[in-house]
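Biologist: Could you take me through the enclosed spaces inside this one, and the strand that borders one of them? I'd like a close look rather than a tour.

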Amino acid sequence: MFALGRRRTFTRIEKLYLGAVTIASLAILFPNICISQTYSFKTYTVRNGLLSDAVTSLCQDSNGYLWVGTSDGASVYDGETFRNYTVTDGLASSLVNCIVRDVNHEGVVWIGTNGGGVSRFQGGSFSNFRMGASDWSNRVNGIAQDASGIVYCASDDGIYRIFHGAVSPLGGRLAHGPFVRILCAGDTLFTVDGDGRLLAFDLVNGSITDLGGRIRPYTSVSQICLDEEGHTCIVFPNGDLKNLTTGKVVRKAAISYPRFVMEDRAGTFWIGTSQGVFALDKPFRSGYSTKITVANGLPEDDIMAGVADREGDLWFGTADKGLVKLEDRRAIEFPISLSRFSVNNSQGATDSHGNIWVAADKGLVEIYAIATGQLKERLIPYSGLGIRSACVSIQINDQDEMWLATSNARVYGIRITEELRQVPILRVVSRFYLGDNVATKGLLCLYVDSTQRAWCSVDKLGIIEFNTREARQRSIALTQADGLPDNSIRAIFRDRDGNMWFGGYIGGVTEMSGPAVPGNMKLYTSRNGLPDNSIRSIMQDSSGNIWIGTRYGGIAVKNADRFLSISVRDGLASEGVWAMIQAQGYGAFFGTQLGLQELIGGELRGLSWKRFGEARPVYSCGISRFSSGGKLSRVLWGVDQSGVFLRDLDPPAVRRVPPPVYITGLLVNGSRYRLESPFSGGGSQIQLAHWENTLTFSFEGISLRDESNLKYLYRLRGVENDWRTLERRLPVTYAALRPGRYMFEVIAVGADGRKSEAAANLSFDITPPFWEMWWFITLVGVALAAIVYFAVRVRVRRLIEIERVRARIATDLHDDIGAGLTRIAILAEVALRQAEGKKQSGTGSRGESEEAEGESFSAQGLVRKIGVNARELADSMSDVVWSIDPRNVTVHDLITRFRSFAYETCEAAGIRLEVDIDDDIETLRLEPGVMRTLLLIAKEALNNSVKHSSCARIIVGMKFSSRLLFFNFEDDGRGFVIYQEFSGHGLANMRQRAVKLGGDFKLKSAAGGGTAIQVTVPLNV
């Protein structure tokens, strides 16, 4: 049995008394019990790549890059890495005083240095400008630019201007003396000189107006600021904010050493000082709405520079602690010391006024909003409420009844009444003690349903259930034996139909639809479709679906009789889901092992998520409404082991800027190709050779918010049409590209899903090799056609030559051999008839025989003639065979053949034969027809000389010149008179043979003067 404390009712007088006592206790005993709120700051130091932790100036250029001036040079932040520039890179001086962007040229910035003059950064390099000859003139404290592009520089020795690359001093009273700040507004140049005078210089007529409100000489004043309405403002050292346009002081506050003033995109003025950062919201009221110091998360209070980027984030430069980013000033953290985490979304709760109550280690922490909308916090100790143990669970119903469960097995009912002087009245109206056994085991969670029934989970024992309106004792009501998943229930929930849901530690979830009898208890486990049996949270959405958060399996949504699973594959931050809540007009919010997350719209199809805060376990979450400037603002809150995280869900409407993207590098076959930096597209087509076909592209999207969540889409047109996704900024390589025209495109996608307005692109052509060019292919085609043509011609010529050889052989066989054989046959027949005639007329007279013999020279003579003709036929046949022998193709072979019969013939006739052949033509190749023709001409000439010239010497020569072969034959015989063109059949045959070769035949002879023959034959060599 477990004893429950008796509930007591109080009279009206007692209630007033208790309220007064509560207020007195909180106001007197704990007047300063307060926890400092911290903002979502992110710090960048030299460890992150920053050049120096001493930041002097900040600027965002037109391309979106953040420029950070330091004591050692300038750093440029692209959202992921820092690129650093010093004097070795061309910067005029290492100590940077100011940085401004050029209003007329994209990506150009002007840097004022302390002693080196002004540096202009353009196209990846620096150009430096000296203001004057002295060091004082080159200590530039401020830079401004008018609409025409003239740059004005405030130095320790006057104001100078830079126009079209020329530097000149500004005349008049502004020519000399130190000037510390400068601003161009229309046709007016506002400046503060070293004497503390606030001056307005008319750029049209050159007049100077002293605007009054003298500043202490050489005091470090803020940068003069131009707000969105065109008003020029300046913060004085005493904290006064003066509108220079109207001449009125619009704000007074005690601040020390203002360093800069700027306006963010929400219309808030931010003033950096040596004591932190002050925020001033419009419309201007007395005092400053927010002060942010080290206690609120800044690494140090001495703030030197500031800038509001175009995505709405604020950047501050500190004196010694680096660069700081305030990602969202509507995201606030309240560090709280928590004794232990609770379950069932019960570490914090919200009352009807929108105040947040958190069960902490030492007491209850209330987070509330003051009249200006700023959030405050106070700690109400448990001891002031008579509570002696830390709270493990807190719940507040619609009637502002707070229910607390403590670690010593006690349940408290506390009434929250209206606040008096912003101090709430908490009154304990009920106390229940669950018994010593429960105190030993420990309470896990408390759930009070809409019927005021309390359900208490006891570790390893089960559920205690009782009516909070009745004072009666109850024992353990439900255990695993009754149908619970196990005896360590971690989540309890009542749905709109009155069914109770119990999530077990490791046993699944049970739905109880009535009294605890077997028919009303339905257990769901992984066998029924649950992704995990360790249940940590339960919720019902507006459609009646039950959402179940598990420890290791994500979320299970019970839709009708089936479970739908949501896990990290669907975009869930973590598989461990500790808390869940649905907000009307928003979606569902989840406290996961890796932070708060929103399911936008709450739809199960096309899941869309948003992340909040850091990736820390969130054990409890909820929605609260605060009044801010007369408007209600809905705030998401989550409780983790470090404290409370809050995020305004209704921030001012600020235009979100899609991230720009640039192509920053190109490697061609591993070698860097020079590009304009940063490069977004356009320009001429890059021409690459066919071997330059491995390209690596580097690119970067510029998003200074959620920079680690920036993604990329890219494609190479000419290779692919679909976009590829890249989760991180990594180079992309395409290898072995074929010749053709290509365009590389890349788009940056921000954490909120916004894409770059235009894709950065780079077009290039890979020219084909010459053997793939049209002209080369044409030439090759023509050449092949010519080769085929000439091959056919050669083949045809060869065939024709073969036919000619065959025809010549046939002609030779017919003319020479055939004629010779015919003569032999005739002689043989004549000899045969004579022989037969002698037999028949053997008795004939001697006179008849002598007559016959005289006519035929006798039979012996005929036989001799037959022998001579046969030998001549054999020689002719030998010449024919020799001429068609493929081994006989050179002049040497021809001369050898000629000598073989010429020497024998000349020797028999007693004639001396001389052969004069040039050595360099012996290897000259001759066609078979030429070989045989020259041989026959030589034999014919030799026979004529031997038979008819009575010569003593014969000279045979052969020369080659200009593709002409000259064959010469001379003898020293008696010669003859050429009385006709040619006399005799032999000479005519020689001439005819020379003409058939396309050559020429010349004969020279005279009586007693010998004979000379010259045959000229053209050769195709």
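Modeller: By class, the lining of the largest cavity comes out as six charged, three nonpolar and two polar residues. Keep in mind that this is a predicted model. The charged part of that lining includes Glu311, Arg656, Arg705, Asp706, Asp752 and Arg754. Val657, Pro659 and Ala751 are the nonpolar ones, while Ser703 and Gly750 go down as polar. The space they surround has a volume of about 80 Å³, and it is one of five cavities of 30 Å³ or more.

Next in size, the second largest cavity holds about 70 Å³. Its lining splits into four nonpolar, four charged and two polar residues. Among the residues around it are Gly595, Leu596, Phe612, Arg616 and Asp640, and two more to look at are Glu333 and Phe645.

Those last two lead to the strand you asked about. Glu333 falls within E30, residues 331-335, and Phe645 within E57, residues 643-648. E30 and E57 run antiparallel to each other, paired over five bridges; in one of the matches, proline 335 has glycine 643 of E57 as its bridge partner. E30 also pairs with strand E1 (residues 38-39), again in the antiparallel sense, over two bridges. There, tyrosine 39 sits opposite isoleucine 332 of E30.

So how enclosed is E30 by the rest of the structure? Largely, because four of its five residues are buried, buried meaning under 20% relative accessible area.

Technical notes:
Residues numbered from 1 in each chain as written. Predicted model: local features only at pLDDT ≥ 70, side-chain atom pairs only at ≥ 80, totals over all residues. Heavy atoms only, no water. 1 Å grid on protein atoms, 1.4 Å probe; cavity = no way out; pocket = protein on both sides within 12 Å on 5 of 7 lines; lining within 4 Å. Points joined across faces, edges and corners; volume = space filled by probe spheres on them. Buried < 20%, exposed > 50% of the residue type's maximum accessible area, 1.4 Å probe, protein only. Pairing = 2+ DSSP bridges.
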